[in-house]
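Dear colleague,

Please find below the structure that I agreed to pass on to you. My notes on it follow directly after.

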Amino acid sequence: MDFTQRLSMLAQRLASTKAEVQAATTESREPLRERIDRTQSEIERSAMEAQQRADEVRAGGGSVWAQMRADAAAKRANVKAKFDERTRQMDAQAAAADAGWAESGAEDALDYAEWAAYNAELAMLDAIDARAYADELARTVR
């Protein structure tokens with residue numbers, strides 16, 4: 001597995017996310033809705049891929065990481081529904097409370113992303129060590 005390539009792809013994803021969020025802060029609700037729809041489609045695609053991978057891995061013995069990825073992607077799948085519900089709200093107090101919950105959810109997602117990054121680092125280091133150990137044993141057997 002080429003971890004460096006995967007990390008580069010993740011860095012590009014984070015840069016894209018940062019640009020999307022920065023651009024969204026200056027948009028009206030209609031372009032923001034289109035941005036949410038595009039992102040929602042990507043989340044659904046990613047969730048489906050993660051679920052397929054988790055199913056494949058489970059069939060072969062199971063991977064906690066694949067299942068966690070599938071679970072996390074699925075939990076984010078309700079953003080569009082919340083946006084639609086928010087559009088129907090007329091009460092300013094309810095809208096302010098909803099904004100607070102949405103901001104809290106975003107903070108939680110960022111905390112989870114940071115935690116996941118550290119865990120991914122640990123998993124990659126463990127995989128590199130396991131491969132080095134396997135290669136070392138193979139050399140001593142020869």
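The expected span of a helix is taken here as 1.5 Å times one less than its number of residues. Please bear in mind throughout that the model is a predicted one.

Helix H1 covers residues 3-24, 22 residues in total. From its first C-alpha to its last, H1 reaches 31 Å, which is close to the expected 32 Å. At the start of H1, the backbone nitrogen of Thr4 has a side-chain oxygen of Asp2 within 3.2 Å.

On the surface, Leu7, Leu10 and Leu14 make a nonpolar patch of about 280 Å². One of these residues, Leu10, lies in helix H1 and has a relative accessible area of 44%, so that it is classed as partly exposed.

I then turned to the charged side chains, where the count comes to three salt bridges. Which residues are linked in a network of salt bridges? They are Glu20, Glu27 and Arg35, and the two pairs concerned can be described as follows.

- Arg35 and Glu20 meet through their side chains, with an N to O distance of 2.4 Å. This pair links distant parts of the chain: Arg35 belongs to helix H2 (residues 29-59) and Glu20 to helix H1, and the two are 15 residues apart.
- Arg35 also forms a salt bridge with Glu27, at 2.3 Å from N to O.

Are the members of this network buried or exposed, or do they fall in between? Arg35 counts as buried because its relative accessibility is 12%, and the cut-off for that class is under 20%. Glu20, by contrast, has a relative accessibility of 29% and therefore counts as partly exposed. Glu27, with a relative accessible area of 25%, is likewise partly exposed. The network of Glu20, Glu27 and Arg35 thus joins a buried arginine to two partly exposed glutamates.

The remaining salt bridge is formed by the side chains of Arg45 and Glu42, 2.7 Å apart from N to O. Both residues lie in helix H2, three residues apart, which is about one turn of the helix. An α-helix has 3.6 residues a turn, so residues three or four places apart point the same way. Arg45 has a relative accessible area of 37% and is partly exposed. Glu42 is also counted as partly exposed, at 44% relative accessibility.

With kind regards

Note on methods. Residues numbered from 1 in each chain as written. Predicted model: local features only at pLDDT ≥ 70, side-chain atom pairs only at ≥ 80, totals over all residues. Heavy atoms only, no water. Helix = DSSP H or I, 4+ residues; strand = E, 2+ residues; numbered from the N terminus. Polar contact = N/O pair within 3.5 Å; in protein donor to acceptor, adjacent residues only side chain to side chain. Salt bridge = Lys/Arg side-chain N within 4 Å of Asp/Glu carboxyl O. Buried < 20%, exposed > 50% of the residue type's maximum accessible area, 1.4 Å probe, protein only. Patch = residues over 30% accessible without salt bridge, like charges linked within 9 Å, V, L, I, M, F, W, Y side chains within 5 Å. Areas by Shrake-Rupley, 256 points an atom, 1.4 Å probe, with all protein chains shown as cover.
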